[in-house]
There are 2 protein chains.
Amino acid sequence: MAQVLDKIDTKILGILQENSNRTTKSIASELGMTTSPIFERIKKLEKEGYIEKYVAVLNNKKIGLKLTVFIGITLQGHTRSYLEKFVNEINNFPEVIECHRVSGNFDYLLKLVVEDIEAYETFIISKLTLLPYLGNVQSLIALSTSKETNEIDLSRV
Amino acid sequence: MAQVLDKIDTKILGILQENSNRTTKSIASELGMTTSPIFERIKKLEKEGYIEKYVAVLNNKKIGLKLTVFIGITLQGHTRSYLEKFVNEINNFPEVIECHRVSGNFDYLLKLVVEDIEAYETFIISKLTLLPYLGNVQSLIALSTSKETNEIDLSRV
DNA sequence: ATTAAAAACAGAATTATATTCTTTATAAAT
DNA sequence: ATTTATAAAGAATATAATTCTGTTTTTAAT
């Protein structure tokens, strides 16, 4: 297999991660090509998994979910079967949009999006702290967010 | 202004945030309607800002960015003009995909996506620690990620 | 309850785009 | 130089987005 992604592929990925509604025609004209090779390349990027999916990004605030919170968690008992159970519970909470197992001062880091402080407190009290073996729990409440994107800088690739 | 989002709008948002390439026809058939009202509703949701943008989600690992890191930062000097400068610098680093000002044990929480541990170290040494007034810096390296989405549970809205 | 006005919908018609196909060019290997 | 494989161009087709018109439904005021 030759070079996996060439310059053109990288440019296409960059364009689509910024706006996935761009037409093949407009991408083609930007890159000085015609639609068919652009189309074929995009299909290839999809099939090979470089592009995972296409999604609409919503404005959480407008929808009524005004608060983002990060929660660092340390567990007390670390049996494998419990960890699996714990992660499974966490992932099923609709408030949780990210769950990472981390190294450092915590075992897990969660990212939540909730309505407001009250909804956050409800989550802590009637969901999170009901889980057993919970050790240290530390919350970081987002006061403001200056950057929040999924867009990757592809100049590094 | 009447109820801002009705059930149909919410369903449309739910569908599009899961897969923005769904055709109006397929959405219409799922919701038991015809294409024109669906089309009009989507355009309205875009114009009013409920839908911010449409993006392709890439597979970072496949692209060569294998490491996600969270960094908690405390600052020492907190003059307003310095904060602005600091945030501005942070936001311009291509490794940083999120920057939140937080309350709790840190002033800022960053999310980074980088190639590997080496690239992470390079970021710390030759970018982050060059910024003045830096206090405590604490990294959480993602060992594994069980959930990572932008998708919001709309049943709460 | 009745009516007028506005909003939402259905269905058809049109326009634009995605997708496929065929041909031509390019590059690599023998 | 010749063959083979890969990528691109350009035309043709299929599908989807978008617009338009007429109808129904909803809303609000009387």
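Ala, Val, Leu, Ile, Met, Phe, Trp, Tyr, Cys and Pro count as nonpolar, Asp, Glu, Lys and Arg as charged, and the others, Gly among them, as polar. By that scheme, the residues of the surface near DNA strand C divide into four nonpolar, five polar and two charged. The model shown in these views is predicted.

**View 1. Both protein chains line DNA strand C.** Chain A supplies A:Thr23, A:Thr24, A:Ser36, A:Phe39 and A:Lys43 to the surroundings of this strand. Chain B supplies B:Ile8, B:Met33, B:Thr34, B:Ser36, B:Pro37 and B:Arg41. Of the atoms of DNA strand C within 4 Å of the protein, 74% are sugar or phosphate atoms, and the rest are in bases. Look for the side chain of B:Thr34: one of its N or O atoms is 2.7 Å from a phosphate oxygen of the strand. B:Arg41 also reaches a phosphate oxygen, with a polar side-chain atom 3.1 Å away. B:Ser36 turns to a base instead: a side-chain N or O atom is 2.9 Å from a base nitrogen of DNA strand C. Helix H3 (35–47) of chain A and helix H3 (35–47) of chain B are the elements that give two or more residues to this surface.

**View 2. DNA strand D also meets residues of both chains.** From chain A come A:Ile8, A:Met33, A:Thr34, A:Ser36, A:Pro37 and A:Arg41. From chain B come B:Thr23, B:Thr24, B:Ser36, B:Phe39 and B:Lys43. This surface divides into four nonpolar, five polar and two charged residues. Sugar or phosphate accounts for 74% of the atoms of DNA strand D within 4 Å of the protein, and bases for the rest. A:Ser36 has a side-chain N or O atom 2.9 Å from a base oxygen of this strand. Two side chains sit by phosphate oxygens of DNA strand D: that of A:Arg41, at 2.9 Å, and that of B:Thr24, at 3.0 Å. The elements giving two or more residues here are H3 of chain A and H3 of chain B.

**View 3. Helix H1 of chain B packs against elements of both chains.** H1(B) covers residues 7–18. At 1.5 Å a residue, its twelve residues should span 16 Å, and its end C-alpha atoms are 17 Å apart, which agrees. At the start of H1(B), a side-chain oxygen of B:Asp6 comes within 3.1 Å of the backbone nitrogen of B:Ile8. Which residues of H1(B) are buried? They are B:Asp9, B:Ile12, B:Leu13, B:Ile15, B:Leu16 and B:Gln17. In chain A, these buried residues pack against strand E1 (51–58) and helix H4 (60–63). In chain B, they pack against helix H2 (24–30), H3 and strand E1 (51–58).

**View 4. Helix H5 of chain B has a buried side and an exposed face.** Thirteen residues, 80–92, form H5(B). At 1.5 Å a residue they should span 18 Å; the end C-alpha atoms are 19 Å apart, which agrees. The buried residues are B:Tyr82, B:Leu83, B:Phe86, B:Val87, B:Ile90 and B:Asn91. They cover an arc of only 165° around the axis, so they lie on the same side of H5(B). The face turned away from that side carries the exposed residues B:Ser81, B:Glu84, B:Lys85 and B:Asn92. What do the buried residues of H5(B) pack against? Their partners are strand E5 (134–148) of chain A, plus strands E2 (67–75), E3 (96–103), E4 (108–114) and E5 (134–148) of chain B.

**View 5. A:His100 is a buried residue in strand E3 of chain A.** Strand E3 of chain A runs over residues 96–103. Buried means under 20% relative accessible area. A:His100 has 1% relative accessibility, so it counts as buried. Its side chain makes a polar contact of 2.6 Å with that of A:Glu98. Another polar contact, of 2.8 Å, joins the side chains of A:His100 and B:Thr145. Beyond its neighbours within four places in sequence, A:His100 is in contact with residues including A:Tyr108, A:Leu109, B:Phe70 and B:Ser144.

**View 6. A:Tyr133 and B:Tyr133 have a positive phi.** A:Tyr133 has a phi of about 65°, and phi of B:Tyr133 is near 65°. Most residues other than glycine have a negative phi. A:Tyr133 lies in the loop between helix H6 (117–126) and E5 of chain A. B:Tyr133 lies in the loop between helix H6 (117–126) and E5 of chain B. A:Tyr133 is partly exposed, with a relative accessible area of 47%. B:Tyr133 is partly exposed too, at 48%.

Notes: Residues are numbered from 1 along each chain as its sequence is written. Chains are lettered from A and ligands numbered from 1 in the order in which they are written. This is a predicted model: local features need pLDDT of at least 70, side-chain atom pairs count only at pLDDT 80 or more; totals for chains, interfaces and linings use all residues. Side-chain values use heavy atoms; hydrogens and water are left out. Helices (H or I, at least four residues) and strands (E, at least two) are DSSP runs, numbered from the N terminus. The expected span of a helix is 1.5 Å times one less than its number of residues. Buried means under 20% relative accessible area, exposed over 50%, partly exposed in between (1.4 Å probe, protein chains only). The arc is that of the directions from the helix axis to the C-beta atoms. Contact means heavy atoms within 4.5 Å. A residue is near a molecule or strand if one of its heavy atoms lies within 4 Å of it. A polar contact is a pair of N or O atoms within 3.5 Å; within protein, one must be able to donate a hydrogen and the other to accept it, and residues adjacent in sequence count only if both atoms are side-chain atoms.
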